[in-house]
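Visitor: I am new to this structure and would love a guided close look. Could you show it to me first, and then take up one part with me?

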Amino acid sequence: MSAEREPIGVIGTGYVGLVTAAGFAELGSDVVCVDIDAEKIARLERGEIPIYEPGLKELVEKNRSRLTFTTDISVALERARLLFVAVGTPPTYSGDADLSAVHAVVGAMPASDSHALIMKSTVPVGTGKVIKRVFEEQGKGGFRYVSCPEFLKEGTAVADFLRPDRVVVGDDGDWAGDAVVDLYRPLLNSEHGGQGPAAPLGALVRTDIASAEMVKLASNAFLATKISFINEIANVCEETGADVLEVAKGMGLDERIGPKFLKAGIGFGGSCFPKDVTALKQLAGNTGYHFQLLNAVVEVNELQKRRVIGKLEKHLGTLVGKRIALLGLAFKPNTDDMREASSLVLAARLQAAGATVVAHDPISADVARPMLRGVDFADDPISAVRGADAVVLVTEWQEFRDLDLVQVREAMAGDVLVDGRNALDGEAAVAAGLRYEGMGRPAPQPAPAKSHA
Ligand code: UGA
């Protein structure tokens, strides 16, 4: 590879777009970031990062001289031949993905034999085929198309970009696919033509466009299935006296199963799993195929969020007039993302059952406030639990793992602690005088009294 890195354009400056832009800038490319939101572009130009993502602000600052922010797509077209598309593809009422932002980008492209669209947004299988047809119909048949799905996780997005497990490039075998592979070469292991050692850098999967699109949807659907599976095992553990943490450890040691994504809790959320599971189910349904398994994955996830209510009622009886504190609101730690967060369903169910809800989240409060009407927001965890009849750990932020449970008990009016993520020390909770409920775990026993000989 030449020392000169290919300049690129990135259209859309959300999680995926901004991380992709900053990541490729870190690898040495000049990157033009385009967004239709002028306010967002102005903030980025001032050095403000519109989302909370650890390490992203530093990466953008470090590579500021290689990054251009603009609302004008023609700047990207002038300076780069590869245009990465990272716009939103939210679900519609039918469960299909809304591709209007993608098609707006396609429509804005000029006729060109020297440009390519590189699709990073998660799209239904078949989208590449449709876009290529649209290009033909609009007399832009020379425009190339590559599917290059993104697998980064919010909260660890920068590290995931720089150390991918795999890079998937789906294309028609022309210059555009080759150019995308070249861009990723510093992140590929040497077995795949990269510059890194054989491990742990990523493997390259070069394939056709439809298969690349399916790798993305199938991966997310499989991970969501793994979570719903362990959640059902947790529910059976509760009935049988087994401990899901021990079960997951025992299962995960089988190489074919693996230890990751076996954490039982109150269900998955976020902008990807719920949307992509539904989109794949819908995609199959549109072809006449009934994807039975995914129906169960979604249903289990919905019911899982509601199990907390049953646990609270077991200890408190009716929830009318009870004060319930939620620790954590974001769909997972280290993000301010509230999309499809379990806390939204939980807070609404608690309010419907007549409870007063008070909440604290270290980062997402500003994003969460307008979504959680009637919920009181506390500035710190101890203020949140003060006077509460019960506390529910919803998101396993480190700050909550580090809480002094004696202090928690002293601040509360009641003594019920539901650990929705199995993140706290149950025995320490019992020792602090709390009635502790995990997910899929037997009630912890109080530590035996020390004998005084
Ligand atoms: C997910 C995938 O992990 C990424 O590979 C993918 O790129 C991304 O979607 C996407 O399509 O953009 P993300 O939604 O950021 O990433 O978060 P995850 O860390 O995967 O967690 C998703 C949800 O599953 C969270 O609510 C988390 O609490 C829950 N989860 C995760 C569990 O309940 N148990 C587990 O064992 C793991």
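Visitor: What volume does the second largest pocket have? Please look closely at that part, and then lead me on to its hollow and packed relatives elsewhere in the chain.

Guide: Happy to. Please keep in mind that this is a predicted model. The second largest pocket has a volume of about 210 Å³. Its lining is made up of 13 residues, and those closest to the pocket's centre are K314, Y436, E437, R441 and A443. Two elements each give two or more residues to this lining: α12, which covers 292-316, and β14, which covers 435-437. Sorted by class, the lining of this pocket holds six nonpolar residues, six charged ones and one polar one.

From the pocket we can turn to the cavities. The structure holds two of them with a volume of 30 Å³ or more. The largest cavity encloses about 40 Å³ of space. Around the largest cavity you will find M119, S121, T122, V123, S147, C148, P149, A212, E213 and K216. Helix α9, residues 209-240, supplies three residues, the largest share of that lining. By class, the lining of the largest cavity splits into five nonpolar, three polar and two charged residues.

The second largest cavity also has a volume of about 40 Å³. It is lined by T89, A97, T122, V123, P124, L217, K275, D276 and A279. If you look back, T122 and V123 appear in the lining of the largest cavity and in that of the second largest cavity. Here the largest share, again three residues, comes from helix α11, residues 273-286. The classes in the lining of the second largest cavity are five nonpolar, two polar and two charged.

Now for the packed side of the picture, beginning with helix α1. This helix has twelve residues, 15-26, and at 1.5 Å a residue it should span 16 Å; its end C-alpha atoms are indeed 16 Å apart, so the two values agree. Ten of those twelve residues are buried, and therefore α1 is largely enclosed by the rest of the structure. The buried ones are Y15, G17, L18, V19, T20, A21, A22, G23, F24 and A25. Just after the helix, G28 takes a positive phi of about 115 degrees.

F24 is a good residue to follow outward from α1. By the rule used here, the structure counts eight aromatic pairs. In one of them, F24 and F84 are tilted, with 5.4 Å from centre to centre and 45 degrees between the planes. This pair links distant parts of the chain, as F24 sits in helix α1 and F84 in strand β4 (residues 82-85), 60 residues apart. Both partners, F24 and F84, are buried. Another pair, F135 and F143, is stacked: the centres are 4.8 Å apart and the planes are at 25 degrees. F135 and F143 are buried as well. Coming back to F24, one aromatic cluster joins F24, F84, F161 and Y184.

Helix α1 also has a neighbour worth visiting, L162. This residue belongs to helix α7, residues 157-162. Setting aside neighbours within four places in sequence, L162 is in contact with G23, E26 and L187. Of these partners, G23 is among the buried residues of α1. L162 and L187 are 25 residues apart in sequence, yet their C-alpha atoms are 6.6 Å apart in space. L162 itself is partly exposed, because its relative accessible area is 24%, and buried would require under 20%.

Let us finish with two residues in loops. Most residues other than glycine have a negative phi. F261, although not a glycine, has a positive phi of about 60 degrees. You will find F261 in the loop between α10 (244-252) and α11. With 31% relative accessibility, F261 counts as partly exposed. N422 is not a glycine either, and its phi is positive at about 50 degrees. The loop that holds N422 runs between β13 (416-419) and α18 (426-431). N422 is buried, since its relative accessible area is 12%.

How values were computed. Residues are numbered from 1 along each chain as its sequence is written. This is a predicted model: local features need pLDDT of at least 70, side-chain atom pairs count only at pLDDT 80 or more; totals for chains, interfaces and linings use all residues. Side-chain values use heavy atoms; hydrogens and water are left out. Helices (H or I, at least four residues) and strands (E, at least two) are DSSP runs, numbered from the N terminus. The expected span of a helix is 1.5 Å times one less than its number of residues. Buried means under 20% relative accessible area, exposed over 50%, partly exposed in between (1.4 Å probe, protein chains only). On a 1 Å grid over the protein atoms alone, a cavity is a set of points where a 1.4 Å probe fits but cannot get out, and a pocket is an open set with protein on both sides within 12 Å along at least five of seven lines; lining residues have an atom within 4 Å of a point. Grid points are joined across faces, edges and corners, and a volume is the space filled by probe spheres set on the points. Ala, Val, Leu, Ile, Met, Phe, Trp, Tyr, Cys and Pro count as nonpolar, Asp, Glu, Lys and Arg as charged, and the others, Gly among them, as polar. Contact means heavy atoms within 4.5 Å. Rings of Phe, Tyr and Trp (its six-membered ring) pair if their centres lie within 6.5 Å; planes under 30 degrees apart count as stacked, over 60 as edge-to-face and the rest as tilted.
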